[in-house]
Amino acid sequence: MDRGIVSSSGDGSQTAFPDKLGFNNTIKKQINGCGGTICVKQDDPCHFLRVLYESLIAGGLAGLVVEASLYPIDTIKTRVQVARDGGKIIWKGLYSGLGGNLAGVLPASALFFGVYEPTKQKLLKVLPENFSAVAHLAAGALGGAVSSIVRVPTEVVKQRMQTGQFASAPDAVRLIIAKEGFGGMYAGFGSFLLRDLPFDALQFCVYEQLRIGYKLAARRDLNDPENAMLGAVAGVVTGVLTTPLDVIKTRLMVQGAGNQYKGVSDCVKTILREEGSSALWKGMGPRVLWIGIGGSIFFGVLEKTKQILSDQSSQKIHKA
């Protein structure tokens with residue numbers, strides 16, 4: 001493809017179109033205002049700061065909306081995954097741990113996108129056009145790795161409360177540290193990375209590649225329902241593929257000081273020996289439902305928020 005023919009979407013990413021599609025043979029330059037100075041080059045600091053700011057706001061808001069709206073489904077998924085053969089699923093208290101989870105999701109989501117978006121744009125700029133999937137995979141994995149600093153303790157507290165071990169987030173944090181040490185807040189950290197790095201990389205790669213293909217076919221930018229639809233597809237595909245990893249992560253995070261499992265490999269061996277391979281797919285139904293609907297909401301809110309923030313930046317530039 002001709003890298004000089006680009007359509008710039010509201011998220012700051014660029015999608016190349018071939019000449020035969022009849023697009024205007026010009027590059028749409030993003031012009032940013034920085035203290036009255038107009039910045040044209042994407043390497044300029046004000047461009048980076050604008051991308052970082054918009055990513056932090058959009059990512060944090062999208063994460064909050066999804067968690068608040070779909071939390072009961074996540075609770076059901078967690079309880080299904082930890083239930084042993086013959087164990088009953090408790091249907092009460094489906095919002096247990098929501099407050100503490102939202103307090104952690106906001107900075108975690110903001111941190112993820114604060115890393116993902118600038119990394120993605122930088123990689124798309126330096127890599128060949130046909131390596132865009134590599135850029136999305138790498139940026140997603142890096143964003144997941146950095147945000148895990150906040151996401152893991154948030155997930156530990158959330159899942160312990162979802163399974164009825166604690167009544168409040170402050171009590172959970174205090175008692176986990178008292179019984180297991182500070183390391184208890186990062187229980188299952190390795191399994192979390194084992195699940196989330198491929199999950200984040202795959203979900204965002206699938207979503208971004210679907211957007212590129214859709215834009216090429218439609219020869220225009222996507223609207224809100226289309227972004228939501230592609231987000232749902234990406235969520236469903238990734239949710240199915242990573243369910244066994246999620247089961248392992250959940251078991252290790254909720255086991256507490258008892259240490260039923262000694263690690264990832266022991267967890268897998270024990271589950272296979274005592275419950276069979278089907279146990280690794282526990283909770284796939286609610287998980288796929290949660291991630292599918294969540295992907296629709298998340299990416300819909302994300303793209304809309306980024307568009308609004310981008311429009312506001314453009315208005316400030318015109319007024320300057």
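**Exercise 1. The surroundings of R79**

Task: find which residues R79 touches, leaving aside residues up to four places away in sequence.

Solution.
- Step 1: Select R79 and list its partners: I89, I90, W91, K92, G93, L94, S96 and Q162. Keep in mind as you look that this is a predicted model.
- Step 2: Place R79 in the fold. This residue belongs to helix α1, which covers residues 45-82.
- Step 3: Check one partner along the chain. R79 and I90 are 11 residues apart in sequence, and their C-alpha atoms are separated by 7.5 Å.
- Step 4: Decide whether R79 is buried or exposed. Its relative accessible area is 10%, so R79 is buried, because buried means under 20%.

**Exercise 2. The chain as a whole**

Task: describe the order of helices and strands along the protein chain.

Solution.
- Step 1: Count the elements. The protein chain has nine helices and four strands.
- Step 2: Read them along the sequence. The pattern is β-β-β-β-α-α-α-α-α-α-α-α-α.
- Step 3: Turn to burial. The protein chain has 320 residues, and 48% of them count as buried.
- Step 4: Look at how contacts span the sequence. Take the contacts between residues at least 6 apart in sequence: 72% of these join residues at least 24 apart.
- Step 5: Finish with the surface. About 14,600 Å² is exposed by the protein chain, and carbon and sulfur atoms supply 64% of that area.

**Exercise 3. Two helices that pack**

Task: work out how helix α3 and helix α4 are oriented to each other.

Solution.
- Step 1: Locate the helices. Helix α3 runs over residues 132-162 and helix α4 over residues 169-180.
- Step 2: Take the geometry. They pack at an angle of about 105°, and their axes are 10 Å apart.
- Step 3: Classify the angle. Values from 65 to 115 degrees count as roughly perpendicular, so α3 and α4 are roughly perpendicular to each other.
- Step 4: Name the residues in the contact. On the α3 side they are V156, V157, R160 and M161, while α4 brings A169, A172, V173, I176 and E180.

**Exercise 4. Salt bridges within helices**

Task: find which residue pairs with K120 in a salt bridge, and then look at pairs in two other helices.

Solution.
- Step 1: Recall the idea behind the search. Side chains of opposite charge can pair when their charged atoms come close.
- Step 2: Start with K120. Its partner is E117, and the closest N and O atoms are 2.9 Å apart. Both residues sit in helix α2 (residues 98-126), three residues apart, about one turn of the helix. K120 and E117 are both buried.
- Step 3: Go on to D246 and K249, whose side chains meet in a salt bridge at 3.7 Å, N to O. They share helix α7 (residues 243-254) and are three residues apart, again about one turn. D246 counts as buried because its relative accessibility is 0%, and K249 is buried with a relative accessible area of 0%.
- Step 4: Add E303 and K306, joined by a salt bridge at 4.0 Å, N to O. This pair lies in helix α9 (residues 284-319), with three residues from one to the other, about one turn of the helix. Both E303 and K306 are buried.
- Step 5: Widen the view. A search of the whole structure gives 24 salt bridges. D246 and K249 also belong to a network of salt bridges whose members include D74, K77, R151 and E155.

**Exercise 5. A nonpolar patch and a nearby loop in the sequence**

Task: find which helix gives the most residues to the nonpolar patch on the surface.

Solution.
- Step 1: List the patch: L137, L202, L210, M229, V233, V237 and L241, with about 530 Å² of accessible area together.
- Step 2: Match residues to helices. α5 (189-218) and α6 (224-241) each supply at least two of them.
- Step 3: Pick the main contributor. α6 gives the most, with four residues.
- Step 4: Examine one member. L241 lies in helix α6, and at 55% relative accessibility L241 counts as exposed, because exposed means over 50%.
- Step 5: Look between the two helices. R219 lies in the loop joining α5 and α6. Its phi is near 60°, a positive value in a residue other than glycine. With a relative accessible area of 47%, R219 is partly exposed.

How values were computed. Residues numbered from 1 in each chain as written. Predicted model: local features only at pLDDT ≥ 70, side-chain atom pairs only at ≥ 80, totals over all residues. Heavy atoms only, no water. Patch = residues over 30% accessible without salt bridge, like charges linked within 9 Å, V, L, I, M, F, W, Y side chains within 5 Å. Areas by Shrake-Rupley, 256 points an atom, 1.4 Å probe, with all protein chains shown as cover. Buried < 20%, exposed > 50% of the residue type's maximum accessible area, 1.4 Å probe, protein only. Axes fitted to C-alpha atoms, helices over the stretch in contact; angles between N-to-C directions. Parallel < 35°, antiparallel > 145°, perpendicular 65-115°, else oblique. Contact = heavy atoms within 4.5 Å.
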